[in-house]
Amino acid sequence: MSRETEAQLLLGEWACLGILYEGPSHGFAIAARLKPTGDIGRVWSLSRPLTYRSLEQLSGHGYVETVGEEPGIAGGNRTILAATRSGRAQLRKWLRSPVVHLRDIRSELLLKLVIADRCGIDVTDMLVEQRDHIEQLSAALTEQVDDSAGDVVAVWRREQSRAALRFLDQIMEPRQEATG
């Protein structure tokens, strides 16, 4: 199955592209940042083989390119990669798009926020859209709970939507104070 559009990139691929948006790097350094203890990996982690696979996919899409080499520590050369102009544009577009599903707040939205902060990309407008979307979901979920007493899944989803709204309010507050 082909993944031709930017919307079909996997989160690991977006994470790699976000790291390269900051500046050129090599696969080993990117993989280190994507370990569970890394600055990006604490949100979305990838093994080293999956990191290299993600970089190959990004290269195939024309979102990253080779810009040089440097000697490796254990011999051999490390290929230095950088985000292309197209890759940088696609990352900005992705970062400025709210997530659709409530279940993706923990993974996709948090990854977007961490990458946007690291890359200096303003996502305030996206956060406003995101909050509006979650608020609509929350209202629908509240109705669903009211209509289906005892449905633990509906209660769980409603509470997740409320937590997401509190989270968004908390991270939006300093941004609004800075502009307001």
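## Helix α6

Helix α6 has 24 residues. From its first C-alpha to its last, α6 reaches 35 Å. That is close to the 34 Å expected at 1.5 Å a residue. The model is predicted.

Several α6 residues are buried, among them T124, M126, L127 and Q130. R131, I134, S138, L141 and V145 of α6 are buried too.

## A salt bridge in α6

R131 of α6 also forms a salt bridge, and its partner is E135. Their closest N and O atoms are 3.2 Å apart. Where do R131 and E135 sit relative to each other along the helix? They are 4 residues apart in α6, which spans residues 124–147, so about one helical turn separates them. Why does that spacing matter? An α-helix has 3.6 residues a turn, so residues three or four places apart point the same way.

Are the two partners buried or exposed? R131 has 18% relative accessibility, so it counts as buried, the cut-off being under 20%. E135 is partly exposed, with a relative accessible area of 40%.

## Helix α7 and its link to α6

R158 lies in helix α7. At 14% relative accessibility, R158 counts as buried. What does R158 touch, leaving aside residues up to four places away in sequence? It touches L141, T142 and V145. Of these, L141 and V145 are on the list of buried α6 residues.

Helix α7 covers residues 152–179 and holds both R162 and E159. These two form a salt bridge, with the closest N and O atoms 3.1 Å apart. R162 and E159 are 3 residues apart, about one turn of the helix. R162 counts as partly exposed at 32% relative accessibility. E159 also counts as partly exposed, at 32%.

## Salt bridges across the structure

How many salt bridges does a search of the whole structure find? It finds 10. Some share partners, and these join E22, R33, D39 and R118 into one network.

Helix α5 holds another salt bridge, between E108 and K112. The closest N and O atoms of this pair are 3.5 Å apart. E108 and K112 are 4 residues apart in α5, which runs over residues 105–119, so about one helical turn separates them. E108 is buried, with a relative accessible area of 18%. K112 is buried as well, at 1%.

## How α5 packs against α4

Two packed helices are described by the angle between their axes and the distance between the axes. Helix α4 covers residues 85–95, and its axis comes within 10 Å of the α5 axis. The two axes cross at roughly 125 degrees. That angle makes α4 oblique to α5. The crossing is left-handed.

Which residues make the contact? From α4 come L91, W94 and L95. From α5 come E108, L111, K112, I115 and A116. Both partners of the α5 salt bridge, E108 and K112, therefore appear in this contact.

## How α5 packs against α1

Helix α1 covers residues 11–22. It packs against α5 at an angle of about 10 degrees, with the axes 9 Å apart. The two helices are therefore roughly parallel to each other.

On the α1 side, the contact is made by L11, W14, A15, G18, Y21 and E22. On the α5 side, it is made by S107, E108, L111, I115, R118 and C119. E22 and R118 also belong to the salt-bridge network.

Technical notes: Residues are numbered from 1 along each chain as its sequence is written. This is a predicted model: local features need pLDDT of at least 70, side-chain atom pairs count only at pLDDT 80 or more; totals for chains, interfaces and linings use all residues. Side-chain values use heavy atoms; hydrogens and water are left out. A salt bridge is a side-chain nitrogen of Lys or Arg within 4 Å of a carboxyl oxygen of Asp or Glu. Buried means under 20% relative accessible area, exposed over 50%, partly exposed in between (1.4 Å probe, protein chains only). The expected span of a helix is 1.5 Å times one less than its number of residues. Axes are lines fitted to C-alpha atoms, for helices over the stretch in contact, and angles run from 0 to 180 degrees between N-to-C directions. Angles under 35 degrees count as roughly parallel, over 145 as roughly antiparallel, 65 to 115 as roughly perpendicular and the rest as oblique. A crossing is left-handed if the near helix is turned anticlockwise from the far one by less than a right angle, and right-handed if clockwise. Contact means heavy atoms within 4.5 Å.
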